[in-house]
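Colleague: Got a minute to walk me through this one? I'd like to get a feel for it before I go back to the bench.

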Amino acid sequence: MHIMEGFLPSPWWEIWFVISAPFLIVGLIQLKRLFAEHRDSIPLLAVAGAFIFVLSSLKLPSVTGSCSHPTGTGLSAILFGPFITSILGLIVLLYQALFLAHGGLTTLGANVFSMGIAGPLVAWGIYQAGNRTGLNTYVTVFLAAALADLFTYVVTSFQLALAFPSATGGIFGSFLAFGAIFALTQIPLAIVEGVIIALVFKYIVALRPDVLVNIRVLTQEQVDRLRGSSS
Amino acid sequence: MKYKGEIIAIIVIAVFVGLFLYENAIIQQQGAEEAWGGADSRAAEIIESEGYEPWYSPIWEPPSGEIETLFFSLQAAIGAVIIGYFFGYWRGIQKAQKQ
């Protein structure tokens, strides 16, 4: 989903920095509160961040004959919400921009928005909705993680389309062209990511259900039901 | 079903690998040389083909593909160590509590 260094002309790269900044600020405030109130959830935060590190380093081939990578942001968004996830996304994107020349410093605002904010917002929304309607928890997690991944690339296509509207089709025509490259490549990867995150969620429910209850991801009854059915 | 999640994951990954092998076989027969490049660079090609010149370039680039791979592996390794450490730690706690 990286928009490469220098590939967003002014004013677009500035605009995306301005849009991303408030999310990062709220993220820092929430992070500070998490550290103060729920110290037992810090290892879980580290694990969620580590999943973004691992999954976004895996360049996988896809059906369209090109390669792309999952984002891994779904887990963190489900557990800690989209604001804290935007900080984790920023860390990973900085690593890749500085050491790998993937993405870039000028396009960081746009990349943080697509991977760290837009995707996680979708994941968080789907999880909250699914959790309230009583949909199977693992199906909910799968949908949240897979659609967060896919939506990240839809947003990247949209960001590029805004900056480079096509001469004939305008912004929408250009969006379809970029979408055909990014979003289409991403569909199989999103499915794989969703399944993996759902499996990881199962392990977290098995090992640290107390933390999930503390940070209000699941209620105690849900935990009991999930653990009852899997053992 | 204790291992339902694991079984589903294995099936999905197997289908994914199968699709790749099938696709790759077709591409290799056609002799396409630019197959399996990054989606990012493919988008960049479209943009550049319309005459756009990137206005800024990375301050540092990995000097070779090997060194790029090094940093990608390092990224995955950092993440994997953290995941392995905490899952192992939690398992240990759980075992100790059961005893």
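**A chat about the model**

Modeller: Sure, let's start with one residue: A:Ala101 is buried, at 16% relative accessibility. Keep in mind that this is a predicted model.

Colleague: Where does A:Ala101 sit in chain A?

Modeller: In the loop between H3 and H4 of chain A. Its phi is near 55°, which is positive even though the residue isn't a glycine.

Colleague: Why bring up the sign of phi?

Modeller: Because most residues other than glycine have a negative phi.

Colleague: Where else does a non-glycine residue have a positive phi?

Modeller: A:Arg216 has one, at about 60°. That residue is in the loop between helix H7 (209–214) and helix H8 (220–230) of chain A.

Colleague: And is A:Arg216 buried or exposed?

Modeller: Exposed, with 75% relative accessibility. The cut-off for exposed is over 50%, so A:Arg216 qualifies.

Colleague: OK, backbone again. What's the peptide bond from A:Ser10 to A:Pro11 like?

Modeller: That bond is cis, with omega near 5°. Most peptide bonds are trans. A:Pro11 belongs to the segment before helix H1 (12–37) of chain A.

Colleague: Let's zoom out. How many helices and strands in chain A?

Modeller: Chain A has 8 helices and 2 strands. Going from the N terminus, the order is α-α-β-β-α-α-α-α-α-α.

Colleague: And how does the radius of gyration of chain A compare with the globule rule?

Modeller: The radius of gyration is 18 Å and the rule gives 17 Å for 231 residues, so chain A is as compact as a globular protein of that length. Along the principal axes, the C-alpha atoms fill a box of roughly 60 × 35 × 30 Å.

Colleague: How much of chain A is buried?

Modeller: 59% of the 231 residues. As for contacts in chain A with a separation of 6 or more, 72% of them are between residues 24 or more positions apart.

Colleague: Back to H3 and H4 of chain A, then. How do their axes run?

Modeller: The axes of H3(A) and H4(A), residues 108–133, come within 8 Å and cross at roughly 170°. Anything over 145 degrees counts as roughly antiparallel, so that's what H3(A) is to H4(A).

Colleague: Which residues meet there?

Modeller: On H3(A), the list includes A:Gly74, A:Ala77, A:Gly81, A:Pro82 and A:Leu93. On H4(A), among them are A:Val112, A:Met115, A:Gly116, A:Pro120 and A:Trp124. By class, the contact of H3(A) with H4(A) has 16 nonpolar and 7 polar residues, with no charged ones.

Colleague: What about H3 of chain A and H3 of chain B?

Modeller: The axes of H3(A), residues 73–99, and H3(B), residues 65–98, come within 11 Å and cross at roughly 160°. That makes the two helices roughly antiparallel, and the crossing is right-handed.

Colleague: Which residues make that contact?

Modeller: From H3(A), A:Val92, A:Tyr95, A:Gln96 and A:Phe99. They meet B:Phe71, B:Phe72, B:Leu74, B:Gln75 and B:Ile78 from H3(B). The contact of H3(A) with H3(B) divides into 7 nonpolar and 2 polar residues, with no charged ones.

Colleague: Where else does chain A touch chain B? Say, what does A:Val195 contact?

Modeller: Leaving out neighbours within four places in sequence, A:Val195 is in contact with B:Ile8, B:Ala9 and B:Val12, plus A:Phe142 from its own chain. A:Val195 lies in helix H6 (residues 170–207) of chain A and counts as buried at 12% relative accessibility.

Colleague: How far apart are A:Val195 and A:Phe142?

Modeller: They're 53 residues apart in sequence and 5.7 Å apart in space, C-alpha to C-alpha.

Colleague: Last topic: the threonines in H5. Is A:Thr140 buried or exposed?

Modeller: Buried, with a relative accessible area of 1%. A:Thr140 is in helix H5 (residues 137–163) of chain A. Not counting residues up to four places away in sequence, A:Thr140 touches A:Ile126, A:Tyr127, A:Gly130, A:Asn131 and A:Leu135.

Colleague: And what does A:Thr137 touch?

Modeller: With the same sequence neighbours left out, A:Thr137 touches A:Phe201, A:Leu218 and A:Leu226. A:Thr137 also lies in H5 of chain A, and is buried with a relative accessible area of 7%.

Terms used
Residues numbered from 1 in each chain as written. Chains lettered and ligands numbered in written order. Predicted model: local features only at pLDDT ≥ 70, side-chain atom pairs only at ≥ 80, totals over all residues. Heavy atoms only, no water. Axes fitted to C-alpha atoms, helices over the stretch in contact; angles between N-to-C directions. Helix = DSSP H or I, 4+ residues; strand = E, 2+ residues; numbered from the N terminus. Parallel < 35°, antiparallel > 145°, perpendicular 65-115°, else oblique. Left-handed = near helix turned anticlockwise from the far one by under 90°. Contact = heavy atoms within 4.5 Å. Nonpolar A, V, L, I, M, F, W, Y, C, P; charged D, E, K, R; others polar. Rg over C-alpha atoms; globule rule 2.2 N^0.38 Å. Buried < 20%, exposed > 50% of the residue type's maximum accessible area, 1.4 Å probe, protein only.
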